[in-house]
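The following account leads the reader through one protein model, from its general make-up to its sheets, its interior spaces and its charged pairs. Please keep the sequence and the coordinates at hand while reading.

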Amino acid sequence: MQAHYLTLSFSHKNTSITLREKLALPQHRLVPFVKSLRAIPSIKEVLLLSTCNRVEFYLYTHTPQECIVAVLDAFAREIALPLHILESHCHSALGQEAVHHIFSVVSGLDSIVLGETQIVGQMKEAYKLCFELESCAQEMTRLMHFAFRTAAKVRTQTTIAKTPLSIASVAVKKALESSPKSALVLGAGEMAQLAARHLLDSGVAVCMSNRSKNRAINFATTLLQEKKIKQIVHITQESRAGMLRDFGLDSSVLCLLDWQDMPNLFNDFGIIISATSAQELIIRRQMCEFRDMKRAWFDLAVPRDIESTCADLGIEVLCVDDLQQVIEENRSHKKAQAHQAHALVGVAVVEYFHWIQSLDVLPLIKSMREQAKQASVQEVARAIKKGYLQAEQEERVLRILHNAFNVFLHNPTLNLKELSHHKEGDTIIQALQKVFTQNDNLKLLDRYKCEYDDISL
């Protein structure tokens, strides 16, 4: 029975942020859920990607329809949502369409911000996690490594990522329209760090608060080492008034606020960019106070950090789906490069399936035996011509040589068949193809080498 690649996708294209925040799984639930998926008989391999803009299942299965039903049923139970809601929003793809989708996602061509590069790191982290949980084996490993190579080719052969954009940079661009002097960044993960960097580069003073203060301190120390800032200031509840007055408007100083003190300060910021991994609201309507100033708060988290009803107090609350105008401008600017990038992805999909076919060991085994047979026939014919062997002995000698080569090739044949089921077998098989077939077109030996040096393949 033939196996297939299968994708099940819930993304910004087919799922509202209200539903996406219900689908997002926190890290402590991600691991046990992936382990539970491994127990489903119809799933041979699975990789789960969960970001603020998408939750997607990448699967390898012999029974696609059975697999779709099982995965959606398991997911519905995990997040406590009716199955029919998932079925109505899920986009599925099979075979080459599934591979094309994965390559497009990794290359940033399916992102809200066209060409953004953050997705590559997110996909690598998802792959690394599932690899370590042994839910990714040979087939998904081949696919993901080839996908990373495709993304690298898109980055180097087009200019779609030359001006690297992300949701964080789009939010900052929108925030800069009001010419802010300072901003508060909530969180210290990748998205929050990107926002802080863009704000500092734009001359905006940054205050940062994170539940884990050590992570914020580590980031601030990195900025100090990179000479992005000149000083780190820790603001406590006792010292906050004077410290904010003295340092709050200086973009060469990064102010770190204690998380427990943040509720006493956030109302005084015109610009807030929140991107935490919290599963509950950070800023609620009842926590907000009226201020006689323009305030724009950007909620880049899924689930969301800021209650939408905060807008009742004249605060402009923007989530990732509200940044469409800036995003569409980016798409229009990169339209020509997007066509070229999609063409590269299309070629990569065809190339990938050709490469997979080339890893079939049966043609290689047949080629090895055929070469052995031809060498026997040629040498026996030469021996008869030179008089070393009588013509009537040809059949017997050929039978002896044939048996000898069968004995010689028996163990290598068994080993090759066994290697074809293991990750390390791909490079060995390709090397043997080069040795025995002399095919100059076989140039993919390291094509899917992973960019994660710490993953052993």
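In this predicted model, residues 24 or more positions apart account for 71% of the contacts in the protein with a separation of 6 or more. The protein holds 16 helices and 11 strands. Of its 457 residues, 49% count as buried.

A sheet offers a suitable starting point. Strands of a sheet pair through backbone hydrogen bonds, and the pairing is either parallel or antiparallel. Four strands, in the order 2-3-1-4, make up an open sheet with antiparallel pairing. Its edges are strand 2 (45-50) and strand 4 (91-94), each of which pairs on one side only. From one strand to the next, the twist averages 15°. Strand 2 and strand 3 run antiparallel and are joined by six bridges; L48 has F57 in strand 3 as its bridge partner. Helix 6 packs on this sheet and touches both strand 2 and strand 3, with a direction that makes about 140° with that of strand 2.

Helix 6 also leads to the interior spaces of the model. How many cavities of 30 Å³ or more does the structure hold? There are three of them, and the largest cavity contains about 110 Å³ of space. This largest cavity is lined by 14 residues, of which N53, E116, Q118, Q122 and I167 are the closest to its centre. The element that gives the most to the lining is helix 6, with three residues.

I167, named above as one of the residues closest to the centre of the largest cavity, belongs to helix 8 (residues 167-175), which is mostly covered, with seven of its nine residues buried. The buried residues of helix 8 are I167, A168, S169, V170, A171, V172 and A175. An α-helix has 3.6 residues a turn, so residues three or four places apart point the same way.

Strand 5 (residues 182-186) is likewise mostly covered: five of its five residues are buried. In a regular strand the side chains alternate between the two faces of the sheet. In strand 5, S182, L184 and L186 point one way, A183 and V185 point the other way, and all are buried. What is the direction of strand 5 relative to strand 6, parallel or antiparallel? The two strands run parallel, and five bridges join them. One of the bridge partners can be named: V185 is matched by M208 in strand 6.

The charged pairs come next. With a side-chain nitrogen of Lys or Arg required to lie within 4 Å of a carboxyl oxygen of Asp or Glu, the count comes to 18 salt bridges. One of them joins D110 to R54, with the closest N and O atoms 2.9 Å apart. Why does this pair tie together parts that are 56 residues apart in sequence? D110 lies in the loop between helix 5 (96-106) and helix 6 (118-132), whereas R54 lies in strand 3 (residues 54-61), so the salt bridge spans that separation. Both partners count as buried, because burial requires a relative accessible area under 20%, and the values are 8% for D110 and 2% for R54. The pair also belongs to a wider arrangement, a network of salt bridges that links K13, R54, E56 and D110.

A second salt bridge is formed by the side chains of K228 and D201, at 3.2 Å from N to O. This pair links distant parts of the chain, 27 residues apart: K228 is in the loop between helix 10 (213-225) and strand 7 (231-235), and D201 is in helix 9 (residues 190-201). K228 is partly exposed, at a relative accessible area of 36%, while D201 counts as exposed, at 52%.

A further salt bridge brings together the side chains of E280 and R211, with a distance of 3.3 Å from N to O. E280 lies in the loop between strand 9 (271-274) and strand 10 (296-299), and R211 lies in the loop between strand 6 (205-209) and helix 10, so this pair ties together parts that are 69 residues apart in sequence. E280 counts as partly exposed, with 39% relative accessibility, and R211 is exposed, with a relative accessible area of 51%.

Notes. Residues are numbered from 1 along each chain as its sequence is written. This is a predicted model: local features need pLDDT of at least 70, side-chain atom pairs count only at pLDDT 80 or more; totals for chains, interfaces and linings use all residues. Side-chain values use heavy atoms; hydrogens and water are left out. Buried means under 20% relative accessible area, exposed over 50%, partly exposed in between (1.4 Å probe, protein chains only). Two strands pair if DSSP finds at least two bridges between them. Axes are lines fitted to C-alpha atoms, for helices over the stretch in contact, and angles run from 0 to 180 degrees between N-to-C directions. Contact means heavy atoms within 4.5 Å. On a 1 Å grid over the protein atoms alone, a cavity is a set of points where a 1.4 Å probe fits but cannot get out, and a pocket is an open set with protein on both sides within 12 Å along at least five of seven lines; lining residues have an atom within 4 Å of a point. Grid points are joined across faces, edges and corners, and a volume is the space filled by probe spheres set on the points.
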